[in-house]
Structure formats: structure tokens, C-alpha cells
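Let's take a stroll through a protein model together, one part at a time. Have the 3D view open and follow along as you read.

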Amino acid sequence: MAVGNAWIGTVLRVDLTTGTWGTEPLRMKDANDFVGARGLGTKYFCDECDPNVEPLSVENKLIYMTGPLTGTAATSAGRFEVVAKAPLTGTIGAANSGGHFGPELKFAGYDGIIFEGGADHPVYLYINDDRIELRDATHLWGKDVHKTTDMLIEECGNVRVSCIGPTGERGCLFSAIMNEKNRAAGRGGLGAVMGVKNLKAVVVRGTGPVKVARPEGFLRELTKARAIIQAHPVTGTGMAAYGTQILMNILNEVGALPLCNGRGGSIFDHADEISGEKLSETYLVKNQGCFGCSIACGRVTRIPDDSPYAGFGEGPEYEAGWSFGADCQVDDLAAVCKANFICNEYGMDPITLGATIACAMELSEMGAIPESDIGFPLRFGDSDAVVRLTKMCAEGEGFGKLLELGSYRMAEHYGHAELSMSVKKQEMPAYDARAIQGIALEYATSNRGGCHVRGYMIAPEVLGLPIKTDPLVTEGKGSLLKTFQDLTALCDSVGICLFTTFGMGLPEIAGQYREAVGSDESDEDILLKGERIWNLEKRFNMAAGVEKDTLPPRLLREALPSGPAKGKVAELQTMLADYYEVRGWTSEGEPTDEKLEQLSLG
Amino acid sequence: MTGQLVIDPKRCVACRTCELMCSFGHHDYFNPRLACVSVFNYEYAAVTVPVMCLQCDEASCAAVCPTGALSRNADGVVVHEDAKCIVCKMCVSACPLGNIAYSPITKNVFKCDLCGGEPKCALFCPTGAITFVESDEVLAKKRAVADNFKKTLEEA
């Protein structure tokens, strides 16, 4: 591994307090040991930041990091990671995004950017190859993501823009960092970290190359991997045709669609109304791909002007389709699209917001939230209310001020924290943990709280990828999850999209990685780096005092009332014990010194 | 000419794999700024159009070139020879389609050479938005593309 082989070799460090910046060589040993993007960003963060730092303070650092494959024609290699301590969870916050921003940063000559301190007025960072400026952003403050992006392109020319909306400026705990308008480093509230630093945007234009160590071998590996992805029924056909929303009917059929904040049954009679198939027939304008991606799961959608939900943008993808749709019992696809548009425009995570609205609906129906607090009667199934509350949250208006804290803090405010469907204060997404035991374990142990993209157990448990497992059985899930978590950490860190792993696996990831960086490590050696990253994250969370691995009591005690998984609860304890054992951790779920030593983390 | 590139903008998903593979094919590294194919994305119209050299039968670039650096080879491809080029950039001005360009990075002009008969942009395009077809297949393709343009314009 050497500078110039997949890596640029340069990190940009910006001190927002003093308004100064400088470049420094990329730490190549860390780049080797922690791969890139998520892993390497986290390594820099852990080395430089106190785990007990207050997330919404200027002492929290914010790191943009690309991976070695970012910017190449490897499979779907447009990804980059933003790392900070997450305001929503207090865990390590690592949020991954696609689009074209990450590659552009490398073309400009930087592997990553480290932001320190905070500016005394709104600023944005302008990067045009080696020309760097911190510019005044007062005129952009308060503007939404789309407007900000348009204004910056007008101002700076042909650039890629990563920015926050008004929610990030205000400190909404699930505000996202958006790039190219509709792509999001979405979860954990990293937008608010940018906001507290008075950093409105990063714009970049780059004209340089990204090189690889062994061009011939790299061409061979990427050709092979691309062929696999394109021939696969999920990545080549299903997701390409219907986007991630293809999952709506599939999850409904296996009785794993969480309904009414988890209170309801498991089968949504109107799932088809909000499915990917329906979207294709109605509001889909065209499919859109991120940088170098053959899957192109992005959906450009338009709601006609004569609809009360008129709008134009991207999405919804499956998780937002579920959160604003099934979870709130809403079957009006136009309303779901509209709520998702607002999230993109204002920079909010639609999983957390939709789930928080569903939680408010339950609390309201049981009388725990007075109608006067919300301003109108709130019940499940009210599509207008979903759009209205999304707007109120976007603008920090009235009840929106409570919504922007996420479901845990909102429910706690009304004395019912147990009804927040969250893990470590982050909302779980669109898979009921009682119907799919593997995802129960994944939610509980995820290093960034409730999340599906830290080891996507839906692949084996529901889709049969790479092998079909029985979702109602707990046995063997610990070791399967460990492999998925480590592989996901690796995938996020090399800079390619997790969705590629529906079609391909470790040999293709490792194959492309080796030729790009010029390594002769075995597949197993490379996967071990994923395990190292997972343990690094875990160690940070322990030092930060993050709560133990568990699930909301509802999922542990209230059996599913109907569907294929009728009568099931999440059988977490047995799986946790197995999982900690295969991880080589103590029975309390803490990495042992021996394990850390083995991973060179001692 | 043995074959030609045909575009179908309706299929283009704006992933720019063509730009990446074009630069890699010519330079062994990735830099979309050095790609002979460019993808233009019209956000609000939701249309994306890949554009590249069409190897004109009456090539203005070659006609205007004072040193003979641009000429048609045996396969009918208009190729650029570095050794003969004085980088006067007359060809850049002369091309009515903007498909030959000057790079401040390489300090040279560059254009599509159909990768010696296996154009990477078409080979790696995941959706069939760019295809490389035998010349006698082109008329049918052309009609299909025209149909798409017609539909697109009607919708816009």
C-alpha cells in the first residue's frame, strides 16, 4: 500500500475557530489497518476526540472520509462517510452517503477533511483543486438544502455540494448532511454537528485523477464484480426496476412490517398502495444512479401540481415508505412522497421522523399527549397529519420542537419512554424484530443504535442471500450477524455501496480492494479489518458510556398478534450470549483485552 | 466503418460509468475530466444525455487541422496523433458538436477513438444507454432513439 495507489495521500484539516487550514499526509498505516471511509474516519476521530465530548459542542470534530475505491469504477464506488459523535445517540456517529461528492473530493486531491472548532458566523468551505477558501455563508443561513445547493452552484460554478438545511442549523437531533440535494449522510443527527460549527456547506470541484496500483488486475476484478451485480436478480433486476421499495410487499408478506409504532398487527392490507410497484405506475419519472453505479436504485419522482402534495424530488426509498406509510397507517403514496421531499429539502432523517410521528400518534391515541400540545387531533392513518407534522418539524414550529428531539426524548417528555421504538435512542427501521430474530440481534448490537445497515440480516433471513435462514429461529444468528457486521464495516470502508452485497460478497470486495491498493492479503486478512473496525467503534461507545445492548420492552414482551410470526417476541437474551461469545467479548458484551490485542487495538 | 456508438438518453441513469471507463481505458487512471464522453444531466427535466464524437463522414476537425494530426483510419475512425499535433486547438473550434476538447491537465487535445473497436463506454454502460452497433443496425436504433426524443419532448 502506497500513496497514489487508490489513495491520494492527503488530508485537509480545517480549524473553523481560527479560520485556518492546512494539508497533511494521510496516515498510511491507519489507512491500511482501518481500510478507509467509515473505518479510517472513525480511527482519526477516536484518536483525536474525547469520547465524552458533548456532541453539540464545537469540540466535537466532524470528519469527511473517502475510501480507497471511492472515485474508481469499482462496483458502486461513489461512497464517503461522515464521522462525529452522534447527537441523537451519543454513540460513534458514522453516516454513509453516495452521489458524486466523495469522488469529487478525491479528484480535487483529498482523501478526507477534518473539521475542528466552530466559526463565529456562518461559513462554507470552497475547494477547487488546491484552491481553498472559507467563505461567508450568512446569505445561505436559513435556506433549505435545495435552495442552498442551487445558490452555491450559481455562485461557484460546476461544483458538488454537501450542506445542511435549517434543521441542522437549529440542532434537530436527526438532521442529516445532504449532498447533491437528495443524497444523505442521514442518521444520528450529524447535520446538527455541522450546524453547531456554523458550517453551512462544503463545495468541491476536482480535476485530478484517482489511480490504482494494478490497472490490469483492477479492470479484471471490476469487470467480474460488475457482471455479477448486473446478472443478479436483486441488484440487476429487482432494485433496478423498483428501487428499495421493492421490499414493501415482500416484508408485508412475511409479516415483518412494523405497524402503528409496533402496536398493530403485522400485515398491512394497503402495503401495495405504497409499494415500489405502485410508485413505478404513478409518480416515478426516472431511475437515477449514484457515481459509477449499475444498480441505480434512486427514484426521481414528481407529484402533479393539482395534488395537495405537489412536489418534485427523489424517493421515497423503502425505509421512508415504511416510516411515513405503514408505521403511521398511511396508504396515500403522494403524502409519503411529499413527507420524504420535505425531509430532503430540510435535511432530516425520514426513518427517525416517520417513526417519531408514529410514536406521537400512539401517545395521542392513548391520551398521553394532550391535543392542545399538538394543535389538532392526531390518530393513525391521517396522511394530512403526517405531512403537516413533517413540515412543523422541518420549520421547528409548535409541536415540531418536540418532534425534532426524536421519539425517545419526546416520549420521555410525556412519561412513556418505553414506547419509543428505538435502540440507544435511535429509531429502528422497517423490519419487525419479533418476526425476524436476526434483525432483533442486529438492532440491539448496532454500534450506532437502531439501524439496518450495520449488518443487514434481512438478506439471509428474508431474501435468502447468500443462504436462506429461518427468521423465527435464534440458533446460529450470533455468528451469522458477526460475519455480516464485519463485512458491512469492510464494505462501507472501502468506499462501495452496501447494496452491492445483495449480489456479491467478500471475494469481489477483497478482489477489487487488493488490485486498487496493491495488496496481496488474503480475503480473511481483509475481512479481519472489518472486525477491527467494529471493535474500535464498540470501544469508543463503551468509553462514551453508551447504554447496554437491548431492545424496547414491547419487542421483548408483547407478542406479535397475527401473521406468520404470530405469538413471537424478540428472543434477544439467548442470541446475545451466543453473539458475545463469537465476538470474543465478555458475557457483559465488552471486548476483552485479548480480543483487542489480537486486532492490534490494545 | 465497422460500427458506431448510439445513445438512448431515456435509459441513462446519470451514473457516469462511461466517463470513468473512458478515462481508465485511455490513461489507466480514473478522471472524468479526461473522458471523451460527457454526461449532461438536466435536473428538472429529469433527462440525462451522454454525448461523444460521432466520427463524422465529413470531419471538420480533420479538415481544419493544419498538420494532419487528425485523420481517418482504416476502420473509418477519426484518430488523433499526438506526434503530429501542435495543439493549436483549431479542431476544438471547428467541431460543430463540441466533441473534441483541449485538456489543461494533459495540455493536449483529445477525442473518442472508439477504443480500437471496443468502446469502453458502451461495454460498461449498465443500462444500454450507450451501445456500439454495426453500421447496418443503426437505422432501426436511430428510429428508436428518435421515438424516445419525441416522447421526451412531448412530456417536457
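What follows is a short report on the two chains, their domains, the contact between them and a few backbone details.

## Chain B at a glance

Keep in mind that this is a predicted model. Let's begin with chain B, which has five helices and nine strands. If you walk along its sequence, the pattern you meet is β-α-β-β-β-α-β-β-α-β-β-α-β-α.

How does the radius of gyration of chain B fit with a compact globule? A compact globule of 156 residues would come out near 15 Å, and chain B has 16 Å, so the two agree. Put a box around the C-alpha atoms of chain B, along the principal axes, and you get roughly 45 × 30 × 25 Å. Of the 156 residues, 37% count as buried. Now take the contacts in chain B between residues at least 6 apart in sequence: 58% of them join residues at least 24 apart.

## Domains in chain B

The domain assignment splits chain B into domain 1 (1-52 + 113-149) and domain 2 (56-111). Notice that domain 1 is written as two stretches. From C-alpha centre to C-alpha centre, domain 1 of chain B and domain 2 of chain B are 20 Å apart.

Each of these domains puts ten residues into the contact. On the domain 1 side, those residues divide into six nonpolar, two polar and two charged.

## Domains in chain A

For chain A, the domain assignment gives domain 1 (10-205), domain 2 (241-427) and domain 3 (437-503 + 520-598). The C-alpha centres of domain 1 of chain A and domain 2 of chain A are 26 Å apart.

Where these two domains of chain A touch, 33 residues of domain 1 are in contact with 24 residues of domain 2. On the domain 1 side, helix H4 (145-156) and helix H5 (166-170) of chain A each supply at least two residues. H5(A) gives the most, with four residues. Sorted by class, this side of domain 1 has twelve nonpolar, 16 polar and five charged residues.

## A three-stranded sheet in chain A

Now find the open sheet in chain A made of three strands, in the order S14-S15-S16, with antiparallel pairing. Which strands sit at the edges? They are S14 (284-288) and S16 (311-314) of chain A, each pairing on one side only. On average, neighbouring strands here are turned by 10 degrees against each other, direction ignored.

A closer look at one pair: S14(A) and S15 (residues 298-303) of chain A are joined in the antiparallel sense over four bridges. Within that pair, Gln288(A) stands opposite Gly298(A) in S15(A). Helix H12 (residues 333-346) of chain A lies across S15 and S16 of chain A, and runs at about 70 degrees to S16(A).

## Where the chains meet

At the meeting place of the two chains, 16 residues of chain B are in contact with 23 residues of chain A. Helix H1 (17-27) and strand S2 (29-30) of chain B each supply at least two residues to the chain B side. H1(B) gives the most, with four residues. By class, the chain B side has eleven nonpolar, two polar and three charged residues.

There is also strand pairing between the chains: S13 (residues 210-211) of chain A and S2(B) run antiparallel and are joined by two bridges. As a general point, strands of a sheet pair through backbone hydrogen bonds, either parallel or antiparallel. In this case, Lys211(A) has Tyr29(B) as its bridge partner in S2(B).

## Backbone details to look for

Chain A has a cis peptide bond from Gly315(A) to Pro316(A), with omega near 5 degrees. You'll find Pro316(A) in the loop between S16 and helix H11 (318-325) of chain A. Another cis peptide bond joins Leu465(A) and Pro466(A), where omega is about -5 degrees. Pro466(A) has its place in the loop between helix H19 (458-463) and helix H20 (477-494) of chain A.

Over in chain B, Asp28(B) has a positive phi, near 70 degrees, without being a glycine. Asp28(B) is in the loop between H1 and S2 of chain B. Is Asp28(B) buried or exposed? With 14 other C-beta atoms within 10 Å, Asp28(B) counts as partly exposed. Lys89(B), also not a glycine, has a positive phi of about 70 degrees. Lys89(B) lies in the loop between strand S6 (78-80) and helix H3 (90-94) of chain B, and is partly exposed, with 13 other C-beta atoms within 10 Å.

Conventions: Residues are numbered from 1 along each chain as its sequence is written. Chains are lettered from A and ligands numbered from 1 in the order in which they are written. This is a predicted model: local features need pLDDT of at least 70, side-chain atom pairs count only at pLDDT 80 or more; totals for chains, interfaces and linings use all residues. Two strands pair if DSSP finds at least two bridges between them. Axes are lines fitted to C-alpha atoms, for helices over the stretch in contact, and angles run from 0 to 180 degrees between N-to-C directions. Two residues are in contact if their C-beta atoms, placed from the backbone, lie within 7 Å. Domain bounds come from an automatic or database domain assignment. Ala, Val, Leu, Ile, Met, Phe, Trp, Tyr, Cys and Pro count as nonpolar, Asp, Glu, Lys and Arg as charged, and the others, Gly among them, as polar. The radius of gyration is taken over C-alpha atoms; the globule rule is 2.2 Å times the number of residues to the power 0.38. A residue is buried if 20 or more other C-beta atoms lie within 10 Å of its own, exposed if 12 or fewer, and partly exposed in between; C-beta atoms are placed from the backbone.
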